[in-house]
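Reader: I would like to go through this structure with you and ask, term by term, on what grounds each label is given. Could we set the values against their cut-offs as we go?

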Amino acid sequence: MHCPFCRHADSRVVDSRTSDDGASIRRRRQCPACNRRFTTIETASLSVVKRSGVTEPFSREKIVTGVRKACQGRPVNEDDLAVLAQRVEESLRAGGSAELDAYEIGLAILGPLRELDEVAYLRFASVYQAFDSLEDFEAAINSLRAEREAREDAVRELDGSGTVDHAQEDPAPAGGASHLA
Ligand SMILES: [Zn+2]
């Protein structure tokens, strides 16, 4: 890169150091023209483009702040929020795009939040997806319920003798497997 002092087009790396958390590399560089030294910091780029068009660096703290509101009064602690923000960042980075908008970030939050707390998920989704009727909530709740039942069925199968035939294996009255009929 250009020397920030004399604008010479090249510079030489004289020292490289990875930060303690491994998220960035600091390089000490020297300009071969004016011999002055300067430092560059290299990080994996991930920026957020705001509605106003302004770009700012991705921040896990902002994810936590955004989700914390939806988690008020829920059994979710700060560690849970930190883990969630980390998962969101990992999935965004895995997506490979260096610039993201609020919509993409919201989308990346929904999955992990749903696993963390369903009520918080519904609150967050209602704002994010702009729910404007009870039907929207109903649809979201029905989809959560269907997934939970699928999960419970899977667990039952693992717990049981391995047979998939619920009707014969579990002749329990009402409730239970009745929805399979
Ligand atoms: Zn220079």
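**Labels and the values behind them**

Author: Let us begin with Ser11, which, once neighbours within four places in sequence are left aside, is in contact with Met1, Arg29, Gln30, Pro32 and Phe38. The model is a predicted one, and Ser11 is placed in the segment before strand 1.

Reader: Why is Ser11 called buried?

Author: The relative accessibility of Ser11 is 11%, and buried means under 20%, so Ser11 falls on the buried side of the cut-off.

Reader: What makes the pairing of the side chains of Ser11 and Arg29 a polar contact?

Author: The two side chains are joined at 3.3 Å, and the limit for a pair of N or O atoms is 3.5 Å, with one atom able to donate a hydrogen and the other able to accept it. The side chain of Ser11 also reaches the backbone oxygen of Met1, at 3.4 Å.

Reader: Gln30 was among the contacts of Ser11; why does Gln30 count as buried?

Author: Gln30, which lies in strand 2 (residues 24-30), has a relative accessibility of 15%, and because the label requires a value under 20%, Gln30 counts as buried. A polar atom of its side chain lies 3.1 Å from the backbone oxygen of Asn35. Beyond its neighbours within four places in sequence, Gln30 is in contact with Ser11, Arg12, Val14, Asn35, Arg36 and Arg37.

Reader: What is notable about the phi of Asn35?

Author: Asn35, in the loop between strand 2 and strand 3 (37-43), has a positive phi of about 65° although it is not a glycine. Most residues other than glycine have a negative phi. Arg7, which is placed in the segment before strand 1, also has a positive phi, near 65°.

Reader: Why is Arg7 called exposed?

Author: The relative accessible area of Arg7 is 55%, and exposed means over 50%, so the label applies to Arg7.

Reader: What makes the arrangement around the zinc ion tetrahedral?

Author: The protein donors are the SG atoms of Cys3, Cys6, Cys31 and Cys34, lying 2.2 to 2.4 Å from the zinc ion. The angles subtended by these four donor atoms are 106 to 119°, and four donors count as tetrahedral if all angles lie between 85 and 135 degrees, so the arrangement meets the criterion. Along the chain, the donors follow the spacing C-x2-C-x24-C-x2-C.

Reader: How do you know whether Cys31 and Cys34 are buried or exposed?

Author: Cys31 has a relative accessible area of 0% and is therefore buried, whereas Cys34, at 28%, is partly exposed, because partly exposed covers what lies between the buried limit of 20% and the exposed limit of 50%.

Reader: Why is Val13 called partly exposed?

Author: Val13, found in strand 1 (residues 12-18), has a relative accessibility of 37%, and since partly exposed lies between 20% and 50%, that is the label Val13 receives. Not counting residues up to four places away in sequence, Val13 touches Arg27, Arg28 and Arg29. Val13 and Arg37 are 24 residues apart in sequence and 9.5 Å apart in space, C-alpha to C-alpha.

Reader: And what makes Ser24 buried?

Author: Ser24, which is found in strand 2, has a relative accessible area of 14%, and this satisfies the requirement of under 20%, so Ser24 is buried. Its C-alpha atom is separated by 6.6 Å from that of Ile41, 17 residues apart along the chain.

Reader: Turning to the largest pocket, which elements supply its lining?

Author: Strand 4 (47-49), strand 5 (55-57), helix 1 (60-70), helix 3 (102-116) and helix 4 (118-128) each supply at least two residues, and helix 1 gives the most, with six residues. The pocket holds about 660 Å³ of space and is lined by 22 residues, of which Lys62, Gly66, Ala102, Ile105 and Ile109 lie nearest its centre.

Reader: How many helices and strands are there in the chain?

Author: There are six helices and six strands, and buried residues make up 26% of the 181 residues in the chain.

Key: Residues numbered from 1 in each chain as written. Predicted model: local features only at pLDDT ≥ 70, side-chain atom pairs only at ≥ 80, totals over all residues. Heavy atoms only, no water. Donors = N, O, S within 2.8 Å, 3.2 Å for Na, K, Ca; no water. Tetrahedral: all angles 85-135°; square planar, octahedral: opposite > 155°, others 65-115°. Buried < 20%, exposed > 50% of the residue type's maximum accessible area, 1.4 Å probe, protein only. Helix = DSSP H or I, 4+ residues; strand = E, 2+ residues; numbered from the N terminus. Contact = heavy atoms within 4.5 Å. 1 Å grid on protein atoms, 1.4 Å probe; cavity = no way out; pocket = protein on both sides within 12 Å on 5 of 7 lines; lining within 4 Å. Points joined across faces, edges and corners; volume = space filled by probe spheres on them.
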